[in-house]
Amino acid sequence: MHEPFRYCRVERSLLPNETKIKVEARSIFKVFGTSPHDALQLLKQGKSKDAIFEATGDTIGVQDASFKVGEGQIFVVMGLSGSGKSTLVRMINGLIAPTSGKMLIDDTDVANCSGKALRAVRRSKIAMVFQHFALFPHMTVADNVAYGLKVKGVGADQRRKKAEAALDQVGLKAHADSYPDELSGGMQQRVGLARGLASEAEILLMDEPFSALDPLIRRDMQEELLELQRSLKKTIIFITHDLNEAMILGDRIAIMKDGRFVQVGTAEEIVDNPANDYVAAFTADIDRSRVFTAASVATAAEALEIGRDTAESAIARMEALGRDALYVIDGKAILGAVAYRDLAASIRDNGGALREAIITDFPKARRTTPLFELYPLAEGGLPIAIIDRQGKLAGVVAPQDVFGKLATPTAA
Amino acid sequence: MFSPSDILTIPLADWVNSFVRDWLVPNFRPFFRSLQWPITQVLNGLDGFLNAVPMIAFTLVLALIAWRTAGRGVAIFTLIALAFIDMIGLWPETMTTLSMVVTAVLFCTVIGIPIGIAAASSNRFQTVLRPILDIMQTIPSFVYLVPIVMLFGVGMVPGIIATIIFALPPIVRLTNLGIRNVRGDLVEAAQSFGSTRWQMLWDVQFPLALRTIMAGLNQTLMLALSMVVIAALIGAGGLGLTVFTGLGRLDVGNATAGGVGIVLLAIILDRITQSLGEPARMRKTSLRATLATLFSPKRSGRDGEA
């Protein structure tokens with residue numbers, strides 16, 4: 001059995017301005033054809049892709065792409081075929097030279113550097129994983145994995161050791177001496193991944209790595225990548241045509257159309273606030289309960305203090321805030337929730353003691369809990385307590401808000 | 001009736017005559033003669049060696065090679081064919097022809113593979129090269145026998161030079177094709193890990209193109225064998241000479257014997273070089289495994305893989 005997947009497994013706290021930038025594209029353009037600079041002029045005059053093709057016969061691959069990827073982030077570029085995403089990723093390691101713009105890897109501009117400098121960047125900083133695996137059929141799995149090291153001039157013993165370590169990480173150590181065609185598709189792509197890991201590059205470019213795999217294996221590989229990423233903390237640029245995959249993996253997602261970034265943001269930002277109809281059409285099929293977390297529906301943690309509040313003051317607070325229930329805290333500890341109904345009954349029957357009306361069996365969640373995990377918690381009717389790492393009350397989710405968030409904006 | 005030659009006649013034959021006789025030969029004869037030197041060395045060494053090795057020893061070694069590369073059937077064929085050649089009295093001629101052919105193919109490989117690699121990495125060079133290869137393949141070999149004799153003289157080595165010109169195109173073409181046909185993403189993968197051009201050629205492109213290159217080598221070898229009789233026209237010896245003298249004297253018997261010798265040699269060399277082009281992994285079997293296959297009642301291995 002698969003455990004239910006969720007989009008927000010990795011905590012998305014790392015925004016690029018808080019971390020070191022590993023990859024930065026500054027206004028990258030790519031024109032394919034015989035007179036790229038003329039075409040570029042026309043493009044800057046505001047001519048459309050089709051008009052430029054008619055005038056010059058040149059095709060616009062990528063236009064004005066700028067982005068920053070911070071260390072340890074997964075940046076997903078999502079687009080349909082022909083959107084320029086594969087061209088874009090190949091400009092990051094210089095397999096394709098941009099027509100204009102800068103592509104900075106740490107401090108090296110790979111768009112405008114010597115062949116030697118480019119090779120140095122490829123050897124030490126960037127590894128790539130390919131859609132159809134691109135394993136060398138004449139080499140064993142171990143030799144494939146060690147290829148990047150061989151290019152660097154690492155000795156045979158050292159290569160073998162590192163290749164085995166990388167294969168161990170993807171669970172294929174036993175197949176080190178097999179040939180690629182003896183492995184299944186999923187295993188071959190694990191070898192492709194191990195080849196990327198073995199070179200010890202900090203940046204991993206993944207060009208639709210799971211597209212050629214069966215859906216179930218694809219799911220496994222996504223899980224495995226996230227699992228590995230938790231310990232490796234590589235900077236990953238991941239290309240896909242599948243928004244679902246983008247949402248599962250991406251810390252940030254760029255949606256590409258006709259060579260242009262249509263929208264860049266987190267999964268939540270894109271689903272919650274699509275930039276245009278094109279993005280909205282994609283996000284319509286996304287399961288919103290897996291994209292959004294409790295944090296997106298949480299409200300301020302208005303709570304009663306056991307030492308200060310009484311049943312009467314609690315009733316007054318609830319009426320003022322318009323809520324049916326509130327949490328009661330004792331300093332930092334959460335004692336439980338009190339419901340308006342119970343308090344009213346308690347005042348009527350025995351003069352009202354706040355402490356006696358507290359329900360200690362209350363629903364709890366974290367800020368990062370996806371909404372679909374809140375369904376059972378919301379059934380009790382009590383607000384859900386959002387608890388931070390120290391166990392303090394950080395916010396409250398009203399049950400009706402959980403379901404309200406699931407309605408798509410068009411339906412609302 | 002009007003014809004274009006009423007206005008203008010082009011003395012092409014005279015031009016070529018004056019170009020070759022009056023300019024090329026007097027000025028460059030020493031240069032062309034010096035080109036013979038490496039060929040002469042290789043040929044003499046090989047010819048001396050092959051003629052010194054006892055017939056039985058050579059036959060067994062070639063049969064062993066055939067067995068390890070092409071299988072049991074070819075090995076048995078090699079034994080019978082070489083024995084037959086010896087029995088019809090053409091052993092020395094066959095060895096001479098073999099050394100000529102091997103020398104020609106060796107030089108074709110040394111010249112052709114680098115040219116093929118260069119053609120694969122430059123479209124412009126390929127465009128220039130293609131018509132030259134077309135001319136080399138289509139021009140009747142008799143046409144260049146005359147200038148070759150004028151520049152190099154007569155004998156074995158000029159015969160080999162004519163053979164090289166005739167047999168070179170396939171290995172160039174198929175090296176070019178083989179390298180160009182290496183999957184694009186494999187080349188990208190090699191590049192993305194920072195390979196130099198040389199590393200990529202050596203580790204990725206050449207091994208993956210090897211099958212196609214071996215097919216080119218096979219073609220080159222076959223063409224070289226087919227030149228044996230023509231090379232005899234300008235003084236090369238061997239089986240070609242047997243056929244050629246047979247032709248001159250209307251001696252059907254000797255011509256046929258020479259022809260049969262050439263055919264048998266061709267079949268042996270063809271089968272061995274063809275199987276060299278098979279993926280290396282399939283051929284890497286131990287001697288013990290091969291022996292086991294040989295003596296097991298059912299032939300497993302090769303037939304299943306083929």
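**Chain A and the setting of Leu249(A)**

In chain A, which has 412 residues, buried residues make up 51% of the total. This is a predicted model, and every value below should be read with that in mind. The chain contains 17 helices and 16 strands, and its C-alpha atoms, taken along the principal axes, fill a box of roughly 85 × 55 × 35 Å.

How the chain is joined across its sequence can be judged from its contacts: among those with a separation of 6 or more, 67% are between residues 24 or more positions apart.

Turning to the outside, the accessible surface of chain A comes to about 18,400 Å², and carbon and sulfur atoms account for 48% of that area. Chain A carries 51 positive and 54 negative side chains, and the centres of these two sets lie 7 Å apart.

A single residue can now serve as a point of entry into the interior. Leu249(A) belongs to helix H10, which covers residues 243-249 of chain A. Is Leu249(A) buried or exposed? Leu249(A) counts as buried because its relative accessible area is 1%, whereas the cut-off for that term is under 20%.

Which residues does Leu249(A) touch, once its neighbours within four places in sequence are left aside? Its contacts are Ile74(A) and Val76(A), then Gln222(A), Leu225(A) and Leu226(A), and finally Phe238(A). For the last of these partners a backbone distance can also be given: Phe238(A) is 11 residues from Leu249(A) along the chain, and the C-alpha atoms of the two are separated by 8.5 Å.

Conventions: Residues numbered from 1 in each chain as written. Chains lettered and ligands numbered in written order. Predicted model: local features only at pLDDT ≥ 70, side-chain atom pairs only at ≥ 80, totals over all residues. Heavy atoms only, no water. Helix = DSSP H or I, 4+ residues; strand = E, 2+ residues; numbered from the N terminus. Buried < 20%, exposed > 50% of the residue type's maximum accessible area, 1.4 Å probe, protein only. Contact = heavy atoms within 4.5 Å. Areas by Shrake-Rupley, 256 points an atom, 1.4 Å probe, with all protein chains shown as cover. Lys, Arg positive; Asp, Glu negative; His and termini not counted. Charge placed at Lys NZ, Arg CZ, Asp CG, Glu CD.
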